[in-house]
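Visitor: I would like to learn how to read the inside of a protein model. Could you take me through the packing and then the empty space?

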Amino acid sequence: MPAAIDDLDRRLLQCLAEHPRAGVMELARQLEVARGTVQARMEKLQQRGVVTGYGPDIDLRSIGYDVIAFVTLEISQGALETVVSHLATLPEVLEVHTTTGPGDLLCRVVAPTNADLQPLIGRMLSTGGIERTTTQIALTEQIPYRVLPLVADPGDGDA
């Protein structure tokens, strides 16, 4: 288990996850430590890249994106930078990962409807350098994206 954070950092991260709008004073009260300690820990967690943002979690379905899909792209040799730069311009492309296996890039994308997914894939292909796509549509979300269990319970990864 990586030892990048200690017990106070874990408690602080859990508290932030449970109360994302809490101020430093409230966090200090809940953690029973000094305000300066909380402030210093938060700054160190940010500087080390442990905490990467404080944006709100957004339910994409509630803003009209009912379809989540995973698109695997097989790209031409030497086209990675061009393809990734193009994908970054498409707001419906939520994330892109370079992968091993039959595909080169795995993209998580959203669309309002299934019918809207095809034009999105067409826009993804408009840059060139993509040889083949494979799309899988997510039916339901069984476990949402999460990291807090890794923070909350270190050492239980092998159980």
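Visitor: Which residues have the most contacts inside the largest nonpolar core?

Guide: The general idea is that in soluble globular proteins nonpolar side chains tend to be buried together. In this predicted model, the largest nonpolar core has 19 residues, and those with the most contacts inside it are L73, V83, L87, C107, V109, L117 and M124. Two or more residues each come from β1 (67–75), α4 (80–87), β3 (105–111) and α5 (114–125). The largest share, five residues, is given by β1.

Visitor: What does V83 touch?

Guide: Leaving aside residues up to four places away in sequence, V83 touches L73, I75, L105, T127, G128, G129 and I130. Apart from the largest core there is another, of 15 residues, including L8, L12, A22 and V51.

Visitor: Now for the empty space. How much space lies in the largest pocket?

Guide: As a general idea, rolling a probe the size of a water molecule over the atoms shows where empty space is left. Here the largest pocket holds about 1,900 Å³ of space. It is lined by 39 residues, and the closest to its centre are G55, D57, Y145, R146 and V147.

Visitor: Which elements supply at least two residues of that lining?

Guide: They are α1 (7–18), β1, β2 (93–98) and α6 (148–152). The largest share of the pocket lining, four residues, comes from α1.

Visitor: And how many residues of the lining are nonpolar, polar or charged?

Guide: By class, the lining of the largest pocket has 25 nonpolar residues, five polar and nine charged.

Terms used:
Residues are numbered from 1 along each chain as its sequence is written. This is a predicted model: local features need pLDDT of at least 70, side-chain atom pairs count only at pLDDT 80 or more; totals for chains, interfaces and linings use all residues. Side-chain values use heavy atoms; hydrogens and water are left out. A nonpolar core is a set of buried Ala, Val, Leu, Ile, Met, Phe, Trp, Tyr and Cys residues joined through side-chain atoms within 4.5 Å. Buried means under 20% relative accessible area, exposed over 50%, partly exposed in between (1.4 Å probe, protein chains only). Contact means heavy atoms within 4.5 Å. On a 1 Å grid over the protein atoms alone, a cavity is a set of points where a 1.4 Å probe fits but cannot get out, and a pocket is an open set with protein on both sides within 12 Å along at least five of seven lines; lining residues have an atom within 4 Å of a point. Grid points are joined across faces, edges and corners, and a volume is the space filled by probe spheres set on the points. Ala, Val, Leu, Ile, Met, Phe, Trp, Tyr, Cys and Pro count as nonpolar, Asp, Glu, Lys and Arg as charged, and the others, Gly among them, as polar.
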